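Trainee: Could you take me through one part of this protein in detail? I would like to look at the place where its domains meet.

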Amino acid sequence: MAKYIPEPFRIKAVERIRLLSREERTERIKEAHYNLFNLKSEDIYIDLLTDSGTNAMSSEQWAGIMNGDEAYAGSKSFQSLLEVCHDIFRYRHFQPVHQGRAAEKVLFPLLLGEGKYAIANTFFDTTRAHVELAGAKALDAVVPEAKEPNLDAPFKGNMDTEKLLCLIEEYRRKIGLIVMTVTNNSAGGQPVSMANLRAVSKIAKEHGIPFCLDAARFSENAYFIKEREADYENKSLKEIVREMFSYADMFTMSAKKDALLNIGGLIGIKDDEELYRKVATRTISYEGFLSYGGLAGRDLEAMRIGLLEALDPAYLRFRIGQVRYLLERLEEAGIPCQKPSGGHGVFVDAKGLLPHIPYHQFPGHALAVELYIEAGIRSCEIGSFLLGRDPETGEQLEAEFEFTRLAIPRRVYTQTHLDYVADALAEIKKRRETIKGYEIVWEPPVLRHFQAKLNAL
Ligand code: P70
């Protein structure tokens, strides 16, 4: 087993957590209508719901917060953020927004509309929702190896270029956008290779289709390229990131992940002046003036520093090492997971662990509920519950994966926390046949998983 890499930081501030009794946990989840989003965070011992906005900021970032320039227009914090963005990504235009979905809301309707299609390696929930809210249809074209949890391949996040070409052939001029999600969240935080980015970029150019990165976990992806792809071992992470971004025309980014802060988003436009003008106009309508884009000046400072810290090799080595450690502990206990380890969490293969629960009774969700009852751990289903229904027929879709995601917040938990999580899952495995599925008793029309109410079957 790989050694746990010691935290490359010391702990300066701590936050108390407490473990409720099993009876209390059973009661709380029932009161929450078996939806983990309805739980109070004070009732959770270890919160692995998401790695989004849950990062611990550094002392540098906290110090930066005091230096935030809160001017409505022309803030110094905006200027310094732009400088760092130019240096890292090498695009002409950057627009901060309040989070990833705001970037999608501002950008996507400019490229998509009624009758249009967007193709991704795999769209994540809000990204898919914003394609659909723009009136278009979202199609996925992930490589087939992504769908086999046990298959150990280095870049299971890649786009299937043959499928992409078939889709382009089928829909021709109706395709408004190609999106590459780095890392590929729904496929298990699996990375996309540089070769794949290059190939997709070439196809996009040949067919005149704009190519956008969904770049929430850009630095984790860069680390995997350095670790797993030939010829990148000796390149710096910044060089790798620059090359990754050079293949796209634009990006949307939720800065709540790799940018290591608690709120924020970013749009990047490489060189299309007209598109940038339109982005700017929509930002002013929906997010605020260009020099703050829905954020405070202090958030821009935290983002600037976070973007730089995200490229620190010692940090990434620890970060990716932590995810790998948890995966290996789970494998040792015979818990099936998406392999190899991805960037931001371990994705337990709930279909493999609970084969008696069909997709429409949400095995990934059943395991997530069980994990809360067992040990006060909050996780999140990434499967058919999250995917939802066919927008036209209303029928429940069957996801490619039924995962229970153990997302690891950045710089927050230690080795013993991870050991505790692995032990809890090993305990659950012993009584897995007794675990039952769930049915939805109420759901909203979009992004239902955040609000739905469920019943145990
Ligand atoms: C997650 C969160 C957000 C996200 C993303 C990618 C690749 C855009 C966004 C939107 C969402 C989530 C899911 C389950 C539970 C809690 C939160 N991903 N693109 O955890 O960004 O949230 O800033 O609007 O992963 O994966 P934003």
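**Where the two domains meet**

Mentor: The protein chain is split into domain 1, covering 22-51 + 312-456, and domain 2, covering 59-309. Keep in mind that this is a predicted model. The C-alpha centres of domain 1 and domain 2 are 25 Å apart.

Start with the contacts. On one side, 33 residues of domain 1 take part, and they touch 39 residues of domain 2. The size of an interface is often expressed as the accessible area that is lost when the parts come together. For domain 1 and domain 2 the buried area is about 3,000 Å², with 56% of it on carbon and sulfur atoms.

Next, the polar side of the interface. Between domain 1 and domain 2 there are 22 residue pairs in polar contact, counting pairs with both residues at pLDDT 80 or more. On the domain 1 side, the elements that give two or more residues to the surface touching domain 2 are α12 (313-332), β9 (345-349), α15 (384-387) and β12 (403-407). Of these, α12 gives the most, with seven residues. Sorted by class, the side of domain 1 that touches domain 2 has 15 nonpolar, six polar and 12 charged residues.

Charged pairs also cross the boundary: eight salt bridges are found across the interface of domain 1 and domain 2. As a salt bridge to look up in the model, take Arg-410 and Glu-220, whose closest N and O atoms are 3.1 Å apart.

Now turn to the ligand. It is surrounded by 20 residues, and the closest are Thr-50, Arg-101, Ser-254, Lys-257 and Arg-405. The side chain of Thr-50 has an N or O atom 2.6 Å from an oxygen atom of the ligand. For Arg-405, a side-chain N or O atom is 2.7 Å from a ligand oxygen atom. Asn-185 places a polar side-chain atom 2.8 Å from an oxygen atom of the ligand.

Last, a wider view of the salt bridges. The total count comes to 32. One of them joins the side chains of Asp-43 and Arg-18, at 3.3 Å from N to O. Asp-43 sits in the loop between α1 (22-31) and β1 (46-47), and Arg-18 in the segment before α1, so this pair ties together parts that are 25 residues apart in sequence.

Note on methods. Residues numbered from 1 in each chain as written. Predicted model: local features only at pLDDT ≥ 70, side-chain atom pairs only at ≥ 80, totals over all residues. Heavy atoms only, no water. Domains from an automatic or database assignment. Contact = heavy atoms within 4.5 Å. Buried area = accessible area lost by both parts, 1.4 Å probe. Salt bridge = Lys/Arg side-chain N within 4 Å of Asp/Glu carboxyl O. Polar contact = N/O pair within 3.5 Å; in protein donor to acceptor, adjacent residues only side chain to side chain. Helix = DSSP H or I, 4+ residues; strand = E, 2+ residues; numbered from the N terminus. Nonpolar A, V, L, I, M, F, W, Y, C, P; charged D, E, K, R; others polar. Near = heavy atom within 4 Å.
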